[in-house]
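Student: I have a model open and want to learn how to read its features. Can you take me through them in turn?

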Amino acid sequence: MPQAENNGDRDVERVREELSGRLRTLGIEVADGLPAEEVEDLMAAVEQFEDAVESAGGDLMVDEPPRGST
């Protein structure tokens, strides 16, 4: 079973790196040693924020509030 654990560790690391890269493209600094679970939680929070912005009529590509808001 050590081989399966090793493959699982590599998969977790690969996903952590992928999510870290996506966060960095959004301008979010991610420490290299940040545990995979924390990177996943951070990505989920960003996605939740983006969903909230879009559901309120906001646009993720501009730095302005939704129409009629201040």
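Student: Start with burial. Is Ser20 buried or exposed?

Tutor: This is a predicted model, so treat each value as computed from it. Buried means under 20% relative accessible area. Ser20 has 1% relative accessibility, so Ser20 counts as buried.

Student: Where does Ser20 lie, and which residues does Ser20 touch, leaving out those up to four places away in sequence?

Tutor: Ser20 is part of helix α1, residues 2-25. With residues up to four places away in sequence left out, Ser20 touches Val30 and Val39. Also look at Glu40: 20 residues separate Ser20 and Glu40 along the chain, and their C-alpha atoms are 8.7 Å apart.

Student: Now charges. How many salt bridges does the structure hold?

Tutor: The general idea first. Side chains of opposite charge can pair when their charged atoms come close. Here the structure holds four salt bridges.

Student: Which residue pairs with Arg22 in a salt bridge?

Tutor: Glu47. Their side chains meet at 3.4 Å, N to O. Arg22 sits in helix α1 and Glu47 in helix α2, so this pair ties together parts that are 25 residues apart in sequence.

Student: How accessible are Arg22 and Glu47?

Tutor: Partly exposed means between 20% and 50%. Arg22 is at 37% relative accessibility, so Arg22 is partly exposed. Glu47 is at 34%, so Glu47 is partly exposed too.

Student: What about Arg24: which residue meets its side chain in a salt bridge?

Tutor: Asp32, at 3.2 Å from N to O. Check the accessibility of each partner. Arg24 is partly exposed at 35%, whereas Asp32 is exposed at 62%.

Student: Which residues are linked in a network of salt bridges?

Tutor: Glu13, Arg16 and Glu17. Take the Arg16 and Glu17 pair: the closest N and O atoms are 2.5 Å apart. Arg16 is buried, with a relative accessible area of 8%. Glu17 is partly exposed at 38%.

Student: And charges that form a patch? Which residues form the negative surface patch?

Tutor: A patch takes residues with over 30% relative accessible area and no salt bridge, and like charges are joined within 9 Å. Here Glu37, Glu38, Glu40 and Asp41 form a negative surface patch.

Student: Take Glu37. Where is its place, and is Glu37 buried or exposed?

Tutor: Glu37 is in helix α2, residues 36-55. Its relative accessible area is 53%, so Glu37 is exposed.

How values were computed. Residues numbered from 1 in each chain as written. Predicted model: local features only at pLDDT ≥ 70, side-chain atom pairs only at ≥ 80, totals over all residues. Heavy atoms only, no water. Patch = residues over 30% accessible without salt bridge, like charges linked within 9 Å, V, L, I, M, F, W, Y side chains within 5 Å. Areas by Shrake-Rupley, 256 points an atom, 1.4 Å probe, with all protein chains shown as cover. Lys, Arg positive; Asp, Glu negative; His and termini not counted. Charge placed at Lys NZ, Arg CZ, Asp CG, Glu CD. Helix = DSSP H or I, 4+ residues; strand = E, 2+ residues; numbered from the N terminus. Buried < 20%, exposed > 50% of the residue type's maximum accessible area, 1.4 Å probe, protein only. Contact = heavy atoms within 4.5 Å.
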